[in-house]
Amino acid sequence: MKNNQKKNIFKSMDDLVNNTAIAIDDSGSVVLENFKKVIDYTSDKIVMETNRKIIYIYGENLAILSCDKHNATAQGNIVKIEIFPKEV
């Protein structure tokens, strides 16, 4: 395998590990993968940081159901989700 091909594989693996996946179901639950921390939390706005993104969740009666080392789950009447790149 050429050096260029090895670099592309490792870059792809790094991108895969650092990507953020957001899953939304019909019950109003949102699951964020690669979660790092909660930045702001009220009943109408939740702001969470992932490896490379800042996620804003807007709605009513929002609640954080769980947070662990890699994933966070929020629920409520979600109106809008905004995603911004994290400034370095």
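Confidence first: across this predicted model, the chain averages a pLDDT of 81, and 78% of the residues score at least 70. That confidence isn't spread evenly. Strand β5 (residues 53-67) comes out highest, at a mean of 94, while helix α1 (residues 3-18) sits at the bottom with a mean of 47. Over residues 1-16 the pLDDT is below 50, and this stretch has 4 contacts in the model once near neighbours in sequence are set aside. Where pLDDT is low, the predicted coordinates shouldn't be read in detail.

Next, the sheet. It is an open one, built from 6 strands that line up as β1-β2-β6-β5-β4-β3, with antiparallel pairing. The two edges belong to β1 (22-24) and β3 (35-41), each of which pairs on one side only. Going from one strand to its neighbour, the turn is 30° on average, with direction ignored. Out at the β3 edge, β3 and β4 are joined in the antiparallel sense over 5 bridges. Within this pairing, D40 stands opposite V47 in β4.

Then there's the nonpolar core. The largest one holds 11 residues in all: V30, L32, F35, I46, M48, I55, I57, L62, I64, A72 and A74. Two or more of these residues come from each of β2, β4 (45-50), β5 and β6 (71-85). The largest share is that of β5, which supplies 4 residues. So much for the list; one member, L32, shows what its surroundings look like. Leaving out residues up to four places away in sequence, L32 touches M48, I55 and A72, three residues that are also listed in this core. The other residues that L32 touches are A21, I22, H70 and N71.

Finally, a closer look at S29, which lies in strand β2 (residues 29-33). With a relative accessible area of 10%, S29 falls under the 20% cut-off and therefore counts as buried. What does the side chain of S29 make a polar contact with? The partner is the side chain of Q75, at 3.4 Å. Q75 also turns up among the contacts of S29 beyond its neighbours within four places in sequence, together with A23, I24, L65 and A74. One of these, A74, is a member of the largest nonpolar core. A23 and I24 fall within β1 (22-24), L65 within β5 (residues 53-67), and A74 and Q75 within β6 (71-85).

Conventions:
Residues numbered from 1 in each chain as written. Predicted model: local features only at pLDDT ≥ 70, side-chain atom pairs only at ≥ 80, totals over all residues. Heavy atoms only, no water. Buried < 20%, exposed > 50% of the residue type's maximum accessible area, 1.4 Å probe, protein only. Polar contact = N/O pair within 3.5 Å; in protein donor to acceptor, adjacent residues only side chain to side chain. Contact = heavy atoms within 4.5 Å. pLDDT = per-residue confidence, 0-100. Core = buried A, V, L, I, M, F, W, Y, C linked by side-chain atoms within 4.5 Å. Pairing = 2+ DSSP bridges. Axes fitted to C-alpha atoms, helices over the stretch in contact; angles between N-to-C directions.
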